Structures are given as structure tokens and as C-alpha cells.
Amino acid sequence: MLGAQADLTQWRVPAAMRTLGYASETRVEGCHSASCTVLLPPETLPRNAFGNFTRTLDAAPYRGRKLAMNAWIRVEAAGAPPGRAQMWLRVVRSGHRLGFYDDMGDRPVVSSEWKRYEIPGEVAADAQSIQMGVLSFGQARVWIDGVELERGPAPSAAETGVRAEMEEIYARIDAAYGRGDLSEMTSRALPDAQIVMGQARSPLAGAVAQIAAELRKGTRIESRSTVTGVRVADGMAVVSVNNDSLMSAAPAGASREVLSVSRDTWARAEGGWRLRETVLISSRALTPRTDDATGRAVAAELKLRAAPLTAMEGGAGLAAFGKAVGDARIVALGEATHGTSEFYRLNQRLIEYLVREKGFTVLAIEANWPESLAVDRYIKTGVGDPRKALAEMNFWTW
């Protein structure tokens, strides 16, 4: 793998996606080289679902170096709207922290012709693993050939110097956010700077204006940026950066923590670097932070009230659950993670128990109403295809 073509037999479609009907096949005809792999979508595509063909590697041989993921890809489009593909590359650091990440969301693969695509990046000195893959969206068949993960040299002295400059710039911007001051950001952006989210572009000034409006309401922002990669060429610096932001509404209102990944392009100008474009790669809200005292109180309450559920078959071992339900008319069931099969198997047992032992007759789920009627019809009459009905409910976890 150190600059050589990857063995696609060591790649896989994750089990959760195989359950949805995604599959991969090896082909020898129609490939860019002697053989290739095709990522196939299910015949009935669950809404908002996507396929993934992926592999994880030990990061040790790549630590402290530049790297590039390359592949030949073409999309055999089908359905409406036409499907697309995206390569993705993720570096996982010690403590499960995110390092470099890019998923080509701003430059997806849509061509039916073989073309070579690349994601350049860097591997942190404490990196534990490198995860990479090819995503499939929509009904398109994605053809994959000649995947390579090339190990490059360590960053040059010039790149190391620019990285230090960028780390200082982001530290200054983070500190300014903490003071409620946006001048550090506005003074470092070019007048026509853009923000890119997916395929949409808009003036960066608009996003800054929204942040300014929140600050005027008394919202506090704690920002912490981590530079994960720097490429320098022709007076430009392309900087990959992870940002952890905590926004707290005033007075003493709710807080929201967001972890985002962006690729920022800076132009060297008179007076220093100026931001030309920021591309939002990903963004997700994090679970609210829990202080130690609250955590200890919750743990003590759980130890006091939690009861084990032993055997699950036929409702055996669910006496503690039944006691907790009592004569309640509404019981809410949840899960710590969406799509984890063990949680859904447990929920199935609990639902069966509620129906058989407690007389429940209504099950409410998070899904589209019209599509859910097909599931309801099958349960009541046996008419229809249950797998097709579940797939069309627009909530992939079921």
C-alpha cells in the first residue's frame, strides 16, 4: 500500500449496508485495468441511504507524512435524480480524535467516463488508523479501479513555516470569537471571499453577519481550531482545519457544540494571508458536555434503579421492565445509536411484551406517514411486501 495499488479484495461493504441491500462485485469487462469492483445499490433504495466500499489501515507507516488517495472511478447513472460517487479519506488520531478528513462533497463524481480522482492529505504524528472508501448515492452503479494510497515525504520546511503561520492565525480568530469580536475574521478575509456547502456557494460576509447577529443577542462562542494539513503552491495555501465550537445562549441558556471540518484556501497578499474560500466538508452536533458532578449523580441513580434484563425470548426475564411500565398507557423506547442491531432486537422483544402482556395496540415510529400505511396494512392484513414497505419509510434504521 505504500504507493502501490490497493488489493480491493481486502475492501468491504459494511454489514449495515449489506442489510440494506448494497453489494459489490468484481468485474473483468468494462474496467480501466484488468479487473475492477462495482458497488451496487439495492433494487429498492431506502431514502437518504448511501452505499460504502471501505477499508481501514494501520497509520504507523504514514505518520508525520503527506499522503494521497487516488482512484479511477466512473458512475453508471440510473434513476432520477442521477446518482453520484464520492471518495473519502479519514485519519483517526489517538483518543479517537479526528485528524485529516475529506469526502469530496464539494466535487462529487458524476461522469460516466473513467477519470482519476485524488484526495491529498496529511497524517498526524499520533495517528492510529487511516480509513478510506468510496460512497455511492442514489441508484448509480459505481465502478472503482486502481485505488492507491501514496505515502509522500514529510512536509517541507516551507510548508512547516506556513503551517505555523496558519496555526497562529486560527488561534487569533478563536481568541477573538471568545471576546465576541469578529474583526479578526473580517480583516483577514478577501472582500469576495466565498463559503461553499456542498454544491452551493454564497458570500462569506453573509455567514459572518449571522454570527454577528447571534453575538448581539448575547450568545457566547468558544472556538478551538486544529490545523490538520497544509498545501502550498503558487502563492496559495490550502489548509485543512477541524473546529470545535461551543455556542451558549444568554442568559444561561442552552448550549450547542458543533464539530466541523473545512478546507480553507488562503491567498498571500500584502500585509499577510487573506482568506479566499472556505469549503465546509462536514458538520455535526456533539452531545452536550456533562460536568463531573452531574455525571456522578446520574451514575448513582442508574446503580440504584437499573435492573438487568436476562433472557429475551418469549418475554422471559422482562419482569423488571413490566414492573417499570406498570399501568402506563404510553411507553417510549429509544436507542443509544441509530442502526445498532442489538438495540433494535431488544426493542422488538419489548414491543412484543407490551402487546402480549400489557395489551398495547398502537405503535408510533419516526417515519413518513403515507409510506408507513403500507407497513400498517401488512401488519393488519398480511397484504404487501414488508421489506419493500420498510425500505420506503424514509427512516433507514428500521
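In this predicted model, the loop between strand S5 (84-93) and strand S6 (98-102) holds His 96. The backbone of His 96 has a positive phi of about 60°, although the residue is not a glycine. His 96 counts as exposed because its relative accessibility is 77%, and the cut-off for that class is over 50%.

A positive phi in a residue other than glycine is also found at Met 104, where the value is near 60°. Met 104 is placed in the loop between S6 and strand S7 (115-122). With a relative accessibility of 1%, Met 104 counts as buried, since buried means under 20%.

The table sets out the two residues.

| Residue | Phi | Loop | Relative accessibility |
|---|---|---|---|
| His 96 | about 60° | between S5 (84-93) and S6 (98-102) | 77%, exposed |
| Met 104 | near 60° | between S6 and S7 (115-122) | 1%, buried |

A further feature is the second largest pocket, with a volume of about 1,100 Å³. Its lining comprises 36 residues, and those closest to the pocket centre are Tyr 177, Ile 195, Ile 211, Asn 243 and Ser 260. By class, the lining of this pocket is made up of 20 nonpolar, eleven polar and five charged residues.

Both helices and strands contribute to the lining of the second largest pocket. At least two lining residues come from each of helix H2 (157-179) and helix H4 (204-216). The strands that each supply at least two residues are S10 (189-197), S11 (200-203), S12 (220-233), S13 (236-248), S14 (255-269) and S15 (272-286).

Definitions and conventions. Residues numbered from 1 in each chain as written. Predicted model: local features only at pLDDT ≥ 70, side-chain atom pairs only at ≥ 80, totals over all residues. Heavy atoms only, no water. Helix = DSSP H or I, 4+ residues; strand = E, 2+ residues; numbered from the N terminus. Buried < 20%, exposed > 50% of the residue type's maximum accessible area, 1.4 Å probe, protein only. 1 Å grid on protein atoms, 1.4 Å probe; cavity = no way out; pocket = protein on both sides within 12 Å on 5 of 7 lines; lining within 4 Å. Points joined across faces, edges and corners; volume = space filled by probe spheres on them. Nonpolar A, V, L, I, M, F, W, Y, C, P; charged D, E, K, R; others polar.
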